[in-house]
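Grab a pencil and work through these exercises with the model open beside you. Each one has a task, then a solution in steps.

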Amino acid sequence: MDPALGGGQGVRRHAGAQRRRPGGHQCPHHHRERSPVGKPLDVGIVGLGNISAQYMTTLADLPQLRLVAVADLAHHRAEEVAAARGGVQALDVDQLIAHPAVDVVLNLTVPAAHAEIALQAIAAGKDVYGEKPLAATTAEGTKVVEAALAAGVRVGCAPDTVLGTGTQTARRAIDDGVIGRPVAATATMTTPGHEAWHPNPDFYYQPGGGPLLDMGPYYVTALVTLLGPVADVVGAASHTRASRVIGRGPRAGESIPVAVDSHVTGILRHASGALSTLVMSFDGAKTRAAPIEVHGEEASLTVPDPNQFDGDVLIHRPAHDWELLPPSAGYLDGGRGIGLADLALTPTGREPRANATLALHVLDVMESILRSAEQGAWAAVGTTAERPAPVPLSALTG
Ligand SMILES: NC(=O)c1ccc[n+]([C@@H]2O[C@H](COP(=O)([O-])OP(=O)(O)OC[C@H]3O[C@@H](n4cnc5c(N)ncnc54)[C@H](O)[C@@H]3O)[C@@H](O)[C@H]2O)c1
């Protein structure tokens, strides 16, 4: 898991949903009929680095999914994983993507490879679920969404943390009118940088990385889940050091270059008129700010860390103290991979909740903040996305 913090061209403007299969109808608040689990989706993982162990742990508990194959550029990693698990084949990347036994490619590569692997899988007619961000750029992400639309395959994307009880309970309170009309939100993530703990942190400081593109997907996806799509943004960004020093692992002490801004702030104007203020930083020691606060005309909410699946939601009504809202929505016992289980359960004709259209909008919001920071002016966000269907309080695990 990311550390518990404090614990273009051809861009499809206002991208709609992915292609809906015949008879499909999507409505954000529509009651979802659950398909029976039936045959699990057979999963092939590409990319066996730091985060892959968490996925494999979650997959083992999810009856909707079965791991059948693994691949990595470093083939020995695939062999090690397969040797430790019965029924899992170690394959080359091309072999895995083409393999008839693989229904869905779980893309856990670094951001610079996300689009390339996704496009290859879509071309092979496979469903894909990938780690965030959807791609390194909005232009690349658009190609992924367009290719999926043309091929009629499903594409899902992290984060799926927002499907857990933390963000979903807050969303339910907002949707039920408990805080009145939502007016504003804040989202704050401050850390000294992932080089303190990640053994190969290079990608966090290259295009596609930085605090906004790396951690922003959690916060911006939560903000869109809570308050709806973003119409325009204004941003400002800075960086402190031209290099960073790896803190742990075999490369500890090695200096790596920094090619991205490491402190990014933005204001997001949602289509609803609500304003969110975002601070994403690899340049601060710590923060005591709530990860997310949402302010309505009648009450304020604190929302737990969107990089976690659960956590306390607190409400403050004038003349009252902070009160705990018990979990009222969301997948219980969440772990990385529940977004893929949600995709496996999504009936024909509907988009999974952690879908590529939403991920593309989130990427576009983040890229627009960086563009605004460069240009010193408000930037319109060209894409949009529907809020995914709310998650009833339920369990996915077997
Ligand atoms: N590390 C975390 O705690 C964490 C948490 C949440 C999300 N993520 C996301 O997960 C993704 C992977 O992160 P990580 O920390 O596991 O990275 P990592 O560098 O530890 O692992 C990436 C793996 O992908 C392989 N790879 C890279 N390009 C490839 C390609 N073209 N084909 C096949 N294999 C390829 C690498 O050899 C490596 O084994 C990133 O998008 C990251 O943002 C990471």
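**Exercise 1.** Decide whether A222 is buried or exposed, and find its contacts that are distant in sequence.

*Solution.* Start by counting: A222 has 29 C-beta neighbours inside 10 Å. The cut-off for buried is 20 or more, so A222 counts as buried. Keep in mind that this is a predicted model. Next, place the residue: A222 sits in helix α7, residues 210-227. Now skip the neighbours within four places in sequence, and A222 turns out to be in contact with V162, T167, I292, V303 and P306. Finally, try a pair: A222 and A112 are 110 residues apart in sequence, and their C-alpha atoms are 23 Å apart in space.

**Exercise 2.** Do the same for Q375: is it buried or exposed?

*Solution.* Find Q375 in helix α9, which covers residues 356-375. Count again: there are 11 other C-beta atoms within 10 Å of Q375. Exposed means 12 or fewer, so Q375 is exposed. For a pair here, take V234: Q375 is 141 residues from V234 in sequence, yet 9.6 Å from it in space, C-alpha to C-alpha.

**Exercise 3.** Work out which residues of the largest nonpolar core touch the most other members.

*Solution.* The largest nonpolar core has 107 residues, and V144, Y219 and L223 are the ones touching the most other members. Zoom in on Y219: leaving aside neighbours within four places in sequence, Y219 contacts A187, M189, L278, M280, I292 and P306. Another core, of five residues, lies apart from the largest one, and its members include Y204, Y205, V258 and V260.

**Exercise 4.** Describe how α4 packs on helix α5 (residues 138-151).

*Solution.* Geometry comes first: the axes are 10 Å apart and the angle is about 10 degrees. Roughly parallel means under 35 degrees, so α4 runs roughly parallel to α5. Then list the residues: from α4 come A115, A118, L119 and I122, and they meet E140, G141, K143, V144, A147, A148 and A151 of α5. Sorted by class, this contact has eight nonpolar residues, one polar and two charged.

**Exercise 5.** Characterise the shell around the ligand: which residues come nearest, and which helix gives the most?

*Solution.* There are 24 residues around the ligand, of which G47, G49, N50, A113 and E131 come nearest. Helix α4, residues 111-123, gives the most to the shell, with three residues. By class, the shell has twelve nonpolar residues, six polar ones and six charged ones.

Conventions: Residues numbered from 1 in each chain as written. Predicted model: local features only at pLDDT ≥ 70, side-chain atom pairs only at ≥ 80, totals over all residues. Near = placed C-beta within 6 Å. Helix = DSSP H or I, 4+ residues; strand = E, 2+ residues; numbered from the N terminus. Nonpolar A, V, L, I, M, F, W, Y, C, P; charged D, E, K, R; others polar. Core = buried A, V, L, I, M, F, W, Y, C linked by C-beta atoms within 7 Å. Contact = placed C-beta atoms within 7 Å. Axes fitted to C-alpha atoms, helices over the stretch in contact; angles between N-to-C directions. Parallel < 35°, antiparallel > 145°, perpendicular 65-115°, else oblique.
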